[in-house]
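Dear colleague,

Please find below the structure that I am handing over to you, with its sequence. My notes on charges and packing follow directly after it.

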Amino acid sequence: MGFFSKLKQIWQGDGAPAGQRQPAAEPPRPEDDGKWREELTLALRQAEPRLSQWLDAIVQGVEERGPVLDERLLFLFEALDAPTQEAEEFVSRFNAWLEGMGYVKLRDFRSELQYRLALALDLEDEEDERDRLFLKLSEGISKTKEQITKRIDSLIAGHGEMDEAFWEELEEILIMADVGFEAAQMLMENLKSRARKEGVKETDRFRDLLKAELESIFKAPKRIQAVNPPEVVMMIGVNGVGKTTTIAKLAHRAQMQGKKVLIAAGDTFRAAAIEQLEVWANRVGAGFFAKAANSDPAAVAFEAMDMALAGGYDLLLLDTAGRLHTKANLMEELEKIKRVVGKKHPGAPHRSVLVIDATTGQNALSQTKLFHEAVGVDELILTKLDGTAKGGVVVAVALQFNVPITYVGLGEKMEDLRPFDGRDFAKALLS
Ligand SMILES: Nc1nc2c(ncn2[C@@H]2O[C@H](COP(=O)(O)OP(=O)(O)O)[C@@H](O)[C@H]2O)c(=O)[nH]1
Ligand SMILES: [Mg+2]
């Protein structure tokens, strides 16, 4: 069900008001005759139609996890007309996670709870969630912003017109922000022709030009999203970029959206790497497939594909090794994995997703080039954008490779992997 029909339900109350629908399995609560339901229904109706406001109403007077919170959450799902089974699964998964993390106090898990609700209730596009993401993004790229925005301010202040001196100084700024030489040249050419077309010479309009240019750079081409399930995603990238964590975060997102996820340990180099992935799979409640350390990664992929098909999984995330003795070896291995899963399941892998680490700046760029030329990259995920001044590399990869950036990592937590929105990024960077 779409967001607006949910809103309509809460606002106009088509169908029976949620407060009057008493589930049969409700245990009797001697201290409470169900009045809280009425009060909560009213509070929800009076709240602004935003997830954060609904959550405020739901957790009113609740400070810890426990049966009261569970009941209120079930109530929220019911009020939004979500299926009871989904609600129950949500609550039991969330409790298992709280248990695992050892969280008791609401203040320690509220943010995660809101993130999970947004995914489960399909509310991530809601204005409120977008605002939250925008804030997170702005904070996350604050160092990059400092590097770029301040300098552009003084660039504009120091030049009346976009003359040679202006472009030279801009080039320096871009290179300092890790946009890279090649991408900086491309970006400046585009900006110059944009300025010419619009007949702009004065620097006071430069910021608008740059924003428009960035937005067009990040515009991803439309692609076919439909797949023949299970969807198979091959995760590639060198060691240390955050591949394992990203796989866990993606699995978590998909699980929260009601998908059944299998993670396969295709990085068979170290037993510790396999164990780390298994811990994550358990933590997010995803299925896990592995063979012994040093097994053939293609055999892992092949058998995991069997398990995904037989087990009715919606999504198979294939981890791969990020290191081999030679580049040729690594690429050969990735090709082999692609071949064997494709043989079992036509169309698979549906996507090859390259994970790159923003803190490595120009290295991230050369890795993209390497993987893209060798095996083909369908999507990019940029991790560790938080706390780096090298975020300019986002612009470089978008400019130099026609590959969409789908997610960015803004921290180590599950909720810190967020869909990438080029317009928001341009806005956050320049505002
Ligand atoms: N700050 C920050 N740390 C991250 C992010 N993504 C991953 N990490 C951390 O980077 C480190 C390496 O991650 P891991 O997934 O093991 O990398 P792998 O070797 O590519 O599998 C871990 O400490 C992660 O917590 C991110 O977006 N932001
Ligand atoms: Mg790893």
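Which residues form a positive surface patch? In this predicted model, the patch consists of Lys211, Lys219, Arg423 and Lys427. Of these, Lys211 is located in helix H11. Its relative accessible area is 31%, so Lys211 is classed as partly exposed; the cut-off for patch membership is over 30%.

A negative surface patch is also present, made up of Glu161, Asp163, Glu164, Glu168, Glu169, Glu172, Glu202 and Asp204. Glu161 sits in the loop that runs between helix H8 (142–158) and helix H9 (164–176). With a relative accessibility of 42%, Glu161 is partly exposed.

Helix H11 and its contacts

Helix H11 covers residues 206–218 and includes Glu215. Glu215 is partly exposed, because its relative accessibility is 24% and the partly exposed class begins where buried, under 20%, ends. Leaving aside residues up to four places away in sequence, Glu215 touches Arg423 and Ala426. Arg423 is also one of the residues of the positive patch. The C-alpha atoms of Glu215 and Asp424 are 8.7 Å apart, although 209 residues separate the two along the chain.

Helix H18

How many of the nine residues of H18 are buried? Seven are, and the helix is accordingly described as mostly covered. The buried residues are Gly422, Asp424, Phe425, Ala426, Ala428, Leu429 and Leu430. They pack against H7, H8, H11 and helix H17 (393–400). Ala426, buried in H18, is thus also a contact of Glu215.

Salt bridges

The model contains 25 salt bridges. Three of them may be of interest to you.

Arg130 and Asp421 form a salt bridge in which the closest N and O atoms are 3.1 Å apart. Arg130 belongs to helix H7 (residues 127–140), while Asp421 lies in the loop between strand E8 (417–419) and helix H18 (422–430), so this pair ties together parts that are 291 residues apart in sequence. Both partners are partly exposed: Arg130 has a relative accessibility of 33%, and Asp421 one of 23%.

Glu48 is paired with Arg50, with 3.5 Å between the closest N and O atoms. Glu48 is partly exposed, at 44% relative accessibility. These two residues also belong to a network of salt bridges that links Glu48, Arg50, Glu127 and Asp131.

Arg205 and Asp208 meet through their side chains in a salt bridge with an N to O distance of 3.6 Å. Here, too, the partners are partly exposed, Arg205 at 35% relative accessibility and Asp208 at 46%.

In brief, H18 packs through its buried residues against H7, H8, H11 and H17, and the loop that holds Asp421 is tied to H7 by the salt bridge with Arg130.

With kind regards

Definitions and conventions: Residues numbered from 1 in each chain as written. Chains lettered and ligands numbered in written order. Predicted model: local features only at pLDDT ≥ 70, side-chain atom pairs only at ≥ 80, totals over all residues. Heavy atoms only, no water. Patch = residues over 30% accessible without salt bridge, like charges linked within 9 Å, V, L, I, M, F, W, Y side chains within 5 Å. Areas by Shrake-Rupley, 256 points an atom, 1.4 Å probe, with all protein chains shown as cover. Salt bridge = Lys/Arg side-chain N within 4 Å of Asp/Glu carboxyl O. Lys, Arg positive; Asp, Glu negative; His and termini not counted. Charge placed at Lys NZ, Arg CZ, Asp CG, Glu CD. Helix = DSSP H or I, 4+ residues; strand = E, 2+ residues; numbered from the N terminus. Buried < 20%, exposed > 50% of the residue type's maximum accessible area, 1.4 Å probe, protein only. Contact = heavy atoms within 4.5 Å.
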